[in-house]
Amino acid sequence: MIYLDDILIYSNNMSKHHWHVKEVLKYLCKASLYVKAEKCEFYSEPVEYLGYIFSSSGLAMSNNKVKIIQD
């Protein structure tokens, strides 16, 4: 049994993102891996992950992490 905690899919635009999401789900299915729908978030923006913020503007560090480093 395999548990994958996080799969982040980042794309430059929404049409590419839609295609990337479909491809990832297709490959997971091919490998007999499945996701729990209630644990999924699709097309979310911004996304904070491991101290970084992903958005259509690009990648940035979380303000909380920057403050910790400055202090």
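Here is a short selection-by-selection walk through a predicted model.

**Colour by confidence.** Start with the whole chain coloured by pLDDT: the mean is 85, and 97% of the residues reach 70 or more. Among the elements, helix 1 (residues 14-30) has the highest mean, 93, while helix 2 (residues 63-70) has the lowest, 78.

**Select residues 14-30.** You now have helix 1, with 17 residues. Put a distance between its first and last C-alpha and you should get 24 Å, close to the 24 Å expected at 1.5 Å a residue. Next, show the side chains of His 17, Val 21, Glu 23 and Leu 28, the buried residues of this helix. Turn the view until you look down the axis of helix 1: these buried residues fall within an arc of 165°, so they line one face of the helix. Swing round to the other side for Ser 15, Lys 22 and Lys 30, which are exposed.

**Step on to Ser 32.** This residue follows helix 1, and its phi is positive, near 60°.

**Select residues 47-55.** Strand 1 (residues 47-49) and strand 2 (residues 52-55) are in here, paired antiparallel over three bridges. Pick Tyr 49 and look across to its bridge partner in strand 2, Tyr 52. The two strands make a hairpin with two residues between them, and Leu 50 in the turn has a positive phi of about 50°.

**Extend to residue 61.** That brings in strand 3 (residues 58-61), which pairs with strand 2 in the antiparallel sense over four bridges. Ile 53 has Ala 60 of strand 3 as its bridge partner. Strands 2 and 3 form a hairpin too, with two residues between them.

Technical notes
Residues are numbered from 1 along each chain as its sequence is written. This is a predicted model: local features need pLDDT of at least 70, side-chain atom pairs count only at pLDDT 80 or more; totals for chains, interfaces and linings use all residues. Side-chain values use heavy atoms; hydrogens and water are left out. Two strands pair if DSSP finds at least two bridges between them. pLDDT is the predictor's confidence in each residue, from 0 to 100. The expected span of a helix is 1.5 Å times one less than its number of residues. Buried means under 20% relative accessible area, exposed over 50%, partly exposed in between (1.4 Å probe, protein chains only). The arc is that of the directions from the helix axis to the C-beta atoms.
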